[in-house]
Amino acid sequence: MDFNEYQQLATRTATFDGKQKEYQMLYLTLGVAGESGELAEKIKKILRNDDGVISEEKREGVKAELGDVLWYLSQLARILARMEEAMIQQAAYSPLLLMSIQAATSTTPPATPRQRNRERARKKD
């Protein structure tokens, strides 16, 4: 199963879809933080109590926490993708927003003010 398939299956159990986008993002982000904390606690106790040796029972506990983290991450990615789509649709009406999205998704770092000034000077010549 790939991530997209998992994400679609996980969406079936998502019960927050009627809420505002900001609520959804906050809920999911807090879920990632909480479940990540539980995962960290399990790992910490394995290190502290068992010298890093993972029994089968503790391995299953770690896998369960990883599954919880993955669920929240998959849903957060889904919500952010929907928000990005909405932002792109709005960008058709807002050149500044379009430039921001392009800058945020570009692999090329944005130009510094000094670089922009040099470019302007070259264009004048």
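This is a quick tour of a predicted model, from its confidence to its helices, core and one arginine.

## How far to trust it

The protein chain averages a pLDDT of 80, with 72% of its residues at 70 or more. Helix α2 comes out best, at a mean of 93, while α4 (residues 95-105) sits at the bottom with a mean of 60. Where pLDDT is low, the predicted coordinates should not be read in detail.

## Helix α2

Spanning residues 21-50, α2 packs 30 residues into a run of 42 Å from first C-alpha to last, close to the expected 44 Å. Right after α2 ends, Asp 51 picks up a positive phi of about 55 degrees.

The buried set in α2 mixes chemistries: Gln 24 and Glu 35 are in there, along with Leu 28, Gly 31, Val 32, Leu 39 and Ile 46.

## The nonpolar core

Two of those α2 residues, Leu 28 and Val 32, also belong to the largest nonpolar core. Joining them are Ala 10, Ala 14, Phe 16, Trp 71, Tyr 72, Leu 76 and Ile 79, for 9 residues in all. Two or more residues each come from α2 and α3 (56-91), and α3 is the top contributor with 4.

## Around Arg 78

Arg 78 lies in helix α3. Is this arginine buried or exposed? Arg 78 counts as buried because its relative accessible area is 14%, below the 20% cut-off.

As for neighbours, the Arg 78 side chain makes a polar contact with the side chain of Gln 75, at 2.7 Å. Ala 14 from the core touches both of these residues, and Trp 71 as well.

Conventions
Residues are numbered from 1 along each chain as its sequence is written. Side-chain values use heavy atoms; hydrogens and water are left out. The expected span of a helix is 1.5 Å times one less than its number of residues. Buried means under 20% relative accessible area, exposed over 50%, partly exposed in between (1.4 Å probe, protein chains only). A nonpolar core is a set of buried Ala, Val, Leu, Ile, Met, Phe, Trp, Tyr and Cys residues joined through side-chain atoms within 4.5 Å. Contact means heavy atoms within 4.5 Å. pLDDT is the predictor's confidence in each residue, from 0 to 100. A polar contact is a pair of N or O atoms within 3.5 Å; within protein, one must be able to donate a hydrogen and the other to accept it, and residues adjacent in sequence count only if both atoms are side-chain atoms. Lists of a residue's contacts leave out its neighbours within four places in sequence.
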